Amino acid sequence: MIEDIFKRNGFDLSDQQVELFYTYMQELKKWNKVHRLTAIEEEEQIVIRHFVDSLTLALCFEQKGLDVRGKSVCDVGSGGGFPGVPLKIYYGPQINLTLVESVSKKCAFLEYVKAKLGLDYRVLCKRAEQLQENSFDIVVCRALGKLEDIVPMLVRLSRESVFIMKGKELPKGYEYCKINTYDIKDSYILFLPKRR
């Protein structure tokens, strides 16, 4: 099922990547019973609305001509690991990933998944405001709050660019990618390049 859903949305995964996504989904469901990491519980919807949706960032990187290989990527407000962990499964060692999450039970899940999946990323269990300026090449986030509150904070952390996943909402005045795949329709990702 996982492989088919990714394929119809334009992502070809290796058997190992499919296996990792499957294990990730099972752990998410297990932890969710106790910790409420996501409101989405049906497997197909987890794959579409968390995993595939997270990877639409890869389509936006391509649209903007951004080569992420060797870059440090920070996912702010990672929650259950979205979009950071799916990006790490997809890109593997090509990206240097940091997940920033201020809620300790979510940090515990992210650390657990890291060990369970054998992934190499860093979890910072703190608020993004506490991090140093220009700490990462690329900063990404999904569903984090009001734009006027989060944009200055995200831009401060980034050396090169910021990507904010906004779903169906397109605020005025921003560069963006419009995502249209089989399952993700009319979804917007804001793109904020750092002007030197």
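Buried here means under 20% relative accessible area and exposed over 50%, with partly exposed in between (1.4 Å probe, protein chains only). By that yardstick Cys107, at 5% relative accessibility, counts as buried. The model is a predicted one, in which local features need pLDDT of at least 70 and side-chain atom pairs count only at pLDDT 80 or more, while totals for chains, interfaces and linings use all residues. Residues are numbered from 1 along each chain as its sequence is written, and side-chain values use heavy atoms, with hydrogens and water left out.

The sheet is a good place to start. Helices (H or I, at least four residues) and strands (E, at least two) are DSSP runs numbered from the N terminus, and two strands pair if DSSP finds at least two bridges between them. On that basis 7 strands make up an open sheet with mixed pairing, in the order β3-β2-β1-β4-β5-β7-β6. The edge places go to β3 and β6, each of which has a single partner strand, so one side of each lacks a neighbour in the sheet. From one strand to the next, the twist averages 20°. Axes, for this and other angles, are lines fitted to C-alpha atoms, for helices over the stretch in contact, and angles run from 0 to 180 degrees between N-to-C directions.

Next comes the stretch of sheet around β2. Strand β2 (residues 95-100) has 5 of its 6 residues buried, so it is largely enclosed by the rest of the structure. Strand β1 (residues 71-76) runs parallel to β2, and 6 bridges join the two. Among the bridge partners, Lys71 goes with Ile95 of β2, and Cys74 goes with Thr98 of β2. Between these two strands the chain passes through helix α4 (residues 84-91), and the β-α-β crossover from β1 to β2 is right-handed. Right-handed is meant in this sense: with the strands pointing away from the viewer, the path from the first strand over the helix to the second runs clockwise. Strand β3 (residues 121-124) is also parallel to β2, with 4 bridges joining them, and Leu97 has Tyr121 of β3 as its bridge partner. Another right-handed β-α-β unit is made by β2, helix α5 (residues 104-117) and β3.

Further along the sheet, helix α6 (residues 147-157) lies across β1, β4, β5 (158-167) and β7 (187-193), and runs at about 150° to β5.

Now for the cysteines. A disulfide is taken as a pair of cysteine sulfur atoms within 2.5 Å, and the structure holds 2 of them. In one, the sulfur atoms of Cys60 and Cys177 sit 2.0 Å apart, and the link is right-handed, with 75° about the S-S bond. Cys60 belongs to helix α3 (residues 43-63) and Cys177 to strand β6, so this pair ties together parts that are 117 residues apart in sequence. Both ends are hidden from the probe: Cys60 is buried, with a relative accessible area of 0%, and Cys177 counts as buried at 0% relative accessibility.

In the other disulfide, Cys107 and Cys125 have their sulfur atoms 2.2 Å apart. The torsion about the S-S bond is about 95°, so this disulfide is right-handed. Cys107 lies in helix α5 and Cys125 in the loop between β3 and β4 (136-142), so the pair ties together parts that are 18 residues apart in sequence. While Cys107 is buried, Cys125 is partly exposed, with a relative accessible area of 42%. With the bonded cysteines numbered in sequence order, the pairing reads 1-4, 2-3.

Cys74 is a case without a bond: the closest cysteine sulfur, in Cys141, is 9.6 Å from its own, too far for a bond. Cys141, likewise, is in no disulfide. Cys74 is buried, with a relative accessible area of 0%, and Cys141 counts as buried at 0% relative accessibility.

Back at the β6 edge, Glu175 is part of strand β6 (residues 175-179). Glu175 counts as partly exposed, at 33% relative accessibility. Leaving aside residues up to four places away in sequence, Glu175 touches Lys64, Ile189, Leu190, Phe191, Pro193 and Arg195, where contact means heavy atoms within 4.5 Å. Between Glu175 and Phe191, 16 residues apart along the chain, the C-alpha atoms are separated by 5.2 Å.
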